[in-house]
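Dear colleague,

I am passing on the structure below, together with some notes on what turned up when I went through it. Please read the notes with the coordinates open beside you.

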Amino acid sequence: MTTPAFTPRVFSGIQPSGGLTLGNYLGALRRFVQMQDEDYQTVYCMVDMHAITVWQDPADLRRNTRELAAGFLASGIDPEKSILINQSQVPEHAQLAWIFNCVARMGWMGRMTQWKDKAGKNAEAASLGLFAYPALMAADILIYHATHVPVGEDQKQHLELTRDIAMKFNHDYKVDFFPVTEPVIEGAATRVMSLRDGSKKMSKSDPSDASRINMTDDADTIAKKIRKAKTDPDALPSEAAGLDGRPEARNLVNIYAALNDQSVEEALRDVGGRQFGEFKPMLADLAVAKLSPISTEMARLMQEPEEIDRILARGAAQAREITVPILEQAYEIVGMVR
Ligand code: TYM
């Protein structure tokens, strides 16, 4: 439950640890754009400090951060409506994260499925930052007293932890200082799956480039990846229940519906009964029509890195008008002499 006293404010972030994928776009970014026209103040972030929890080549990180900023802008994030920042340029995120490292319990962190997946069998060799990752994420959100966080399905557990951290802080210090944040996980594509394996999430870290659509892919590449996407031999059903047990078919229909701003039921009214040989070209045309204006604009913006840097510097200054006073109050509550 969100305490009504908090200003409705949205925060969300994306890691600059590789290119943007269609999963990021449909699961998160597109929703970010819509929310800037709803009744919220909106803050969106490139989380470069989260990215370095696993090794990043410095030149790649710098490039990927600017490219991600270009992706936000090209998708419709308007710096006049939203505050757009790079995490490391707003130091209060890291400062609050330290307090949260002292609030969160080892047991909570150890139960995070993303930690278990990423650390794998060799947790001893994982960075301490990877383990503490969700505490920094809680700080990203709560340093703005954000009330709503639009994300894809895979971030749900991290947002539950954010709520636990806010509640424990409020309880331990006997305050009502941090809001208990609401996740916003909505739409047909909150979990876009790999094009090669319907049981795996589409991810920028998958070694197979054919498994994902990158926001920078050109029209031919997008069409080729969709043509080669794994499917089954049956025609598409006309009702959503007919997608049960058909993960690849479900994934392609979800993508089609999301790109078309439709529900899955509406999409199946148009495409139900068709064979994949007919459906895939329809999906490819739709994907190209929706994505190529974005990739063209990203390429144009990447020619003007100074403009991107100016937008981020301005965003950081606007963000700090919110974060500096909240950090000061948090330090006061904790008992730090100022
Ligand atoms: P990241 O960079 O992995 O992903 C960014 C956003 O994209 C969504 N997403 C997907 N949605 C649907 N299908 C997919 N295949 C898919 N892949 C990714 C993610 O759910 C996410 O919303 N920890 C976060 C970044 C972060 C953050 C935050 C998010 C840091 N601080 C504070 C919200 C609030 C992450 O790694 O996202």
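**Surroundings of the ligand**

In this model, which is predicted rather than experimental, the ligand is surrounded by 27 residues, of which Y133, D140, G152, D154 and V192 are the closest. Sorted by character, the residues of this shell comprise 12 nonpolar, 10 polar and five charged ones, and the elements β1 (9-14), α1 (22-35) and α7 (128-142) each contribute at least two residues to the shell. The space that the ligand takes up is the largest pocket.

Turning to polar contacts, a polar side-chain atom of N24 lies 3.1 Å from an oxygen atom of the ligand, while a polar backbone atom of V192, which is also among the closest residues, lies 2.8 Å from a nitrogen atom of the ligand. For M202, a backbone N or O atom is found 3.0 Å from a nitrogen atom of the ligand. Taken alone, the ligand would expose 710 Å², and 97% of that area is buried by the protein.

**A note on P281**

One further residue may be worth a look while you have the model open. P281 belongs to helix α12, which runs over residues 276-302, and P281 counts as partly exposed because its relative accessibility is 40%, a value in between the limits of 20% for buried and 50% for exposed. Although P281 and I226 are 55 residues apart in sequence, their C-alpha atoms are 8.0 Å apart in space.

With best wishes

Key. Residues are numbered from 1 along each chain as its sequence is written. This is a predicted model: local features need pLDDT of at least 70, side-chain atom pairs count only at pLDDT 80 or more; totals for chains, interfaces and linings use all residues. Side-chain values use heavy atoms; hydrogens and water are left out. Helices (H or I, at least four residues) and strands (E, at least two) are DSSP runs, numbered from the N terminus. Buried means under 20% relative accessible area, exposed over 50%, partly exposed in between (1.4 Å probe, protein chains only). A residue is near a molecule or strand if one of its heavy atoms lies within 4 Å of it. A polar contact is a pair of N or O atoms within 3.5 Å; within protein, one must be able to donate a hydrogen and the other to accept it, and residues adjacent in sequence count only if both atoms are side-chain atoms. Accessible areas come from the Shrake-Rupley method with a 1.4 Å probe; for residues, only the protein chains shown count as cover. On a 1 Å grid over the protein atoms alone, a cavity is a set of points where a 1.4 Å probe fits but cannot get out, and a pocket is an open set with protein on both sides within 12 Å along at least five of seven lines; lining residues have an atom within 4 Å of a point. A molecule sits in a cavity or pocket if more than half of its atoms lie within 2 Å of its grid points. Ala, Val, Leu, Ile, Met, Phe, Trp, Tyr, Cys and Pro count as nonpolar, Asp, Glu, Lys and Arg as charged, and the others, Gly among them, as polar.
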